[in-house]
Amino acid sequence: MEKALYRLSRGTCYFPDCPRRIIEVVEGEPMVAVDIAHIYGANPGSARYDASMTDEERRAFGNLILLCGPHHKLVDGRRRHEFPADLLEHWKRDNEPPDGIEALASAGLTDEMLDTVMEQIVAQVSPRREVEVDLDPGLVMSPTDIAAMGTMAGMGKILEVNPHLTEQPKVLIANIRNTGTLPVSVEGVDLWVVIGEVEKDGSAFTLMGRNDFGHSNPRLPHRLEDGDAVRWLTKLETVGGIMQVARAAGFTVLGVRAVARLGTGEKVESDLMVWVDLA
């Protein structure tokens, strides 16, 4: 139950890639910024109405998603036929972790109750600073198209199957997202090459402020409003060179992580990305 409510308190509109947050701070006050929408319409004539369902089933939590005002109008309005129920069910699965959400469903939560629950969450939420950082290897397909590969091993397999892609510039992509409700200032983006026998005892070679793509990386400091994101690119060969030097000196290389330095003095780290040498 608590995990489900936490998801509602810090998530976004369920429409794919919509950054509109479920709760936003307006003039210093947290407020619900989305609508409760029905997968199968609540009334005859409404979008995706299923006459075989009971009113209780229509009101149940399993039939509800959260949409910002514009996307609610789009999904239930003139273009309703472009959004079948199975698509909305897919959005719901993508936006709700099973653990906790199932507890809400089994508790018999309805649309009326959800409205009250969201207001209760708002009353408990205070503006907060929260940033997430992740790191992916990728290929520069064009000045505006950067294809993330997920893992170094996955990238190696893709290049093996598609050798023509080996000519594309290879990069590390640090994705920095403001998932809180306060704006943040990104002052710098570093890469740490982590060395040692185990990660918890490891140290690192640090690339501080390295900017291999001055034409496309954002100017720093860079302000991120709530829900905003930015990416920072570094040439893969830059990090690969440090890996080689570290190994030649007898170090065990564990991998690399991205670190965002914020204006508050805080540092936010990505998970460790295991390094795999590419042929």
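In this predicted model, Cys68 counts as buried, at 4% relative accessibility. Cys68 takes part in no disulfide. The nearest cysteine sulfur belongs to Cys13 and lies 3.9 Å away. A disulfide requires sulfur atoms within 2.5 Å, so the Cys68–Cys13 pair does not qualify. Cys18 presents a similar case. Its relative accessibility is 11%, and Cys18 too counts as buried. The nearest cysteine sulfur to that of Cys18 is again that of Cys13, at 3.8 Å. Cys18 is likewise in no disulfide. Across the structure, the number of disulfides is zero.

The largest nonpolar core has 35 residues. The residues with the most contacts inside this core are Leu135, Leu172, Ile176, Leu191, Val239, Val256 and Trp275. Seven elements are listed as giving two or more residues: strand 5 (131-142), helix 7 (152-161), strand 7 (170-178), strand 8 (184-195), strand 11 (229-235), helix 8 (236-248) and strand 12 (253-262). Strand 8 gives the most, with six residues. Apart from this core lies another, of 23 residues. Among its members are Cys13, Phe15, Ile39 and Leu88. In soluble globular proteins, nonpolar side chains tend to be buried together.

Leu135 shows the packing in detail. Residues up to four places away in sequence are not counted here. Leu135 touches Leu172, Ile173, Ala174, Leu191 and Val256. The contacts of Leu135 also include Arg257, Ala258, Ser270 and Met273.

The largest pocket has a volume of about 530 Å³. Its lining consists of 27 residues. Those closest to the pocket centre are Leu159, Lys170, Leu236, Glu237 and Leu278. Helix 7, strand 7, strand 11 and helix 8 each give two or more residues to the lining. Helix 8 gives the most, with six residues. By class, the lining holds 14 nonpolar, eight polar and five charged residues. Helix 7, strand 7, strand 11 and helix 8 also appear among the elements that give two or more residues to the largest nonpolar core.

Thr238 is found in helix 8. Thr238 is buried, with a relative accessible area of 12%. Beyond residues up to four places away in sequence, Thr238 touches Leu207, Arg210 and Asp212.

Several backbone features lie in loops. The peptide bond from Leu220 to Pro221 is cis, with omega near 0°. Pro221 is found in the loop between strand 9 (203-207) and strand 10 (222-224). Asp17 has a positive phi of about 70°, although Asp17 is not a glycine. The loop that holds Asp17 runs between helix 1 (2-10) and strand 1 (23-26). Arg48 also has a positive phi, of about 65°, and is not a glycine. Arg48 is placed in the loop between strand 3 (35-38) and helix 2 (55-59). The surroundings of these residues contrast. Asp17 is exposed, with a relative accessible area of 80%, whereas Arg48 counts as buried, at 14% relative accessibility.

Terms used. Residues numbered from 1 in each chain as written. Heavy atoms only, no water. Core = buried A, V, L, I, M, F, W, Y, C linked by side-chain atoms within 4.5 Å. Buried < 20%, exposed > 50% of the residue type's maximum accessible area, 1.4 Å probe, protein only. Helix = DSSP H or I, 4+ residues; strand = E, 2+ residues; numbered from the N terminus. Contact = heavy atoms within 4.5 Å. 1 Å grid on protein atoms, 1.4 Å probe; cavity = no way out; pocket = protein on both sides within 12 Å on 5 of 7 lines; lining within 4 Å. Points joined across faces, edges and corners; volume = space filled by probe spheres on them. Nonpolar A, V, L, I, M, F, W, Y, C, P; charged D, E, K, R; others polar.
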